[in-house]
Amino acid sequence: MKILLLGDASNCHRTLAIGLRDLGHEVTVASDGTRWMQTERDIDLSRHFAGPTGGAGLYLRSLRLTATRFRDFDVVAIHNPIFLSLRPGRVRRIFDIIRRNNRSIFLTALGTDTPYVEECLDPDGSLRYSEYMHLGKPSPMVIENPDRVTTWTGEAMTAHCRHIYNNVDGAVAVLYEYLLSARRWLPEAKTAYGGIPIDMNELTLSEIPERPEKVRFFLGRHKGRLAAKGTDRLELAARRAIERHPEKAELIIVENRPYKEYIELLSQAHVVIDQAYSYTPATNALLAMAKGQCAVSGAEPEFYNFIGENRLHPIFNSPLDTESMTSMFEQIITSPPGELRRRGLEGREFVKKHNAAPVVAARFADFWQRRLELKNQFSTPKP
């Protein structure tokens, strides 16, 4: 198939493109490189200037691209209802043109949108906790940033997201949580789970020593998203645990680094601290696991059951309260010889089985192909 991946976050679409190309598909990636991450893309969609001037420039460039390069694809996949750094009305216009000029358009459920926020806030929903709610109460992130909720649940953004969901040919989710939320607005037949793709070839194995002289914790922070991911509480708990065992552990912190530099820095780690409020290991955790390192992230029983994995459970599943987090970090620091190495190698096996780029790409491509065949079946005139 001829495929356009439009927009990106955390290098997901770029890595998906690698897997799709390995399967023989022709793929173009158009994105802003996730801003400071500067991930690779074939067509740059960055805002060249701040403010209204930058928005107008990107809008005009996008309109030109819809008439030239963003047409005649079998599949276009957008990474979010807001797949360009523009106001919803302008994004909607670009979306409608692309939908008319291509064979199909799909959503990659890759981040926050209105149905995801609704799922997180729903007391009768399937999620016991999220970055928005803890134990039936608003999370610290919501208390500090109430506009995170009102932006996505307001009338204008809800209407925009409804328009996108009503007009895509389907959605493929990269996380278990995003699949649950996509199914709030789409029938199950129009949704699928893909997973986060990881390029195993770009990540060298760095096995943890049998007896590390010091356990090196690594925290890659996203400035401005500390409360959303629970990174602030994980950092506090890690520091407390290390203060109790200063001779046995240390903490390395990096913040908002370009993707290539971040991958190099990651090699210092024994244990990578990802996030607290997820049922599912996200990109940071999977990158670490692919390198043979341990990860602190989301790894709830619901996720393992969902993917049918009853043997490989390598992830340290983060608790929600700070004291339990501190105890978890202490247990990691005082692990018996060989335990962290074993978990690290098991994590690499997990990623190879569930998240290697060609494995994930095959899930996406199979779903797209099935939806295309169904679309053709209903659009072909009867004799």
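The second largest cavity in this predicted model has a volume of about 40 Å³. Welcome to a quick tour of the enclosed spaces, one open pocket, two helix packings and an aromatic pair. The structure holds two cavities of 30 Å³ or more, and there are 15 aromatic pairs to browse as well.

**Cavities**

- Lining the second largest cavity are Val 174, Leu 175, Tyr 193, Ile 196, Thr 280, Pro 281, Leu 286, Phe 303 and Asn 355.
- By class, that lining of the second largest cavity splits into seven nonpolar, two polar and no charged residues.
- The largest cavity comes in at a volume of about 50 Å³.
- Around the largest cavity you will find Ser 10, Asn 11, Cys 12, Thr 15, Ile 196, Pro 197, Ile 198, Asp 199, Glu 202, Tyr 259, Thr 283 and Leu 287.
- Helix H1 (12-22) and helix H12 (283-290) are the elements that give two or more residues to the lining of the largest cavity.
- Six nonpolar, four polar and two charged residues make up the lining of the largest cavity.
- Ile 196 is a handy landmark, since it appears in the lining of the largest cavity and also in that of the second largest cavity.

**The second largest pocket**

- For the second largest pocket, the volume is about 230 Å³.
- This pocket is lined by 19 residues, and those closest to its centre are Arg 211, Pro 212, Val 215, Ile 333 and Ser 335.
- Two or more lining residues of the second largest pocket come from each of helix H14 (322-333) and helix H15 (339-354).
- H15 gives the most to this lining, with three residues.
- If you are thinking about chemistry, the lining of the second largest pocket has eight nonpolar, three polar and eight charged residues.

**Helix H3 and its partners**

- Helix H2 (residues 51-68) packs with helix H3 (residues 88-101) at an angle of about 10 degrees, and their axes are 10 Å apart.
- Because angles under 35 degrees count as roughly parallel, H2 is roughly parallel to H3.
- On the H2 side of this contact are Gly 55, Ala 56, Tyr 59, Ser 62, Leu 63 and Thr 66, which meet Arg 90, Arg 93, Ile 94, Ile 97, Ile 98 and Asn 101 in H3.
- The contact of H2 with H3 contains six nonpolar, four polar and two charged residues.
- H3 also has helix H7 (residues 155-167) as a neighbour: their axes come within 10 Å and cross at roughly 10 degrees.
- H3 and H7 are therefore roughly parallel to each other too.
- From H3, the residues Pro 88, Val 91, Arg 92, Phe 95, Asp 96 and Arg 99 meet Met 157, His 160, His 163, Ile 164 and Asn 167 in H7.
- Sorted by class, the contact of H3 with H7 has five nonpolar, three polar and three charged residues.

**An aromatic pair to look at**

- Among the 15 aromatic pairs, Tyr 193 and Phe 306 form one that is edge-to-face, with 5.1 Å centre to centre and 85 degrees between the planes.
- Tyr 193 sits in strand S9 (residues 191-193) and Phe 306 in helix H13 (residues 301-307), so this pair ties together parts that are 113 residues apart in sequence.
- Tyr 193 also brings us back to the start, as it belongs to the lining of the second largest cavity.

Methods: Residues are numbered from 1 along each chain as its sequence is written. This is a predicted model: local features need pLDDT of at least 70, side-chain atom pairs count only at pLDDT 80 or more; totals for chains, interfaces and linings use all residues. Side-chain values use heavy atoms; hydrogens and water are left out. On a 1 Å grid over the protein atoms alone, a cavity is a set of points where a 1.4 Å probe fits but cannot get out, and a pocket is an open set with protein on both sides within 12 Å along at least five of seven lines; lining residues have an atom within 4 Å of a point. Grid points are joined across faces, edges and corners, and a volume is the space filled by probe spheres set on the points. Helices (H or I, at least four residues) and strands (E, at least two) are DSSP runs, numbered from the N terminus. Ala, Val, Leu, Ile, Met, Phe, Trp, Tyr, Cys and Pro count as nonpolar, Asp, Glu, Lys and Arg as charged, and the others, Gly among them, as polar. Axes are lines fitted to C-alpha atoms, for helices over the stretch in contact, and angles run from 0 to 180 degrees between N-to-C directions. Angles under 35 degrees count as roughly parallel, over 145 as roughly antiparallel, 65 to 115 as roughly perpendicular and the rest as oblique. Contact means heavy atoms within 4.5 Å. Rings of Phe, Tyr and Trp (its six-membered ring) pair if their centres lie within 6.5 Å; planes under 30 degrees apart count as stacked, over 60 as edge-to-face and the rest as tilted.
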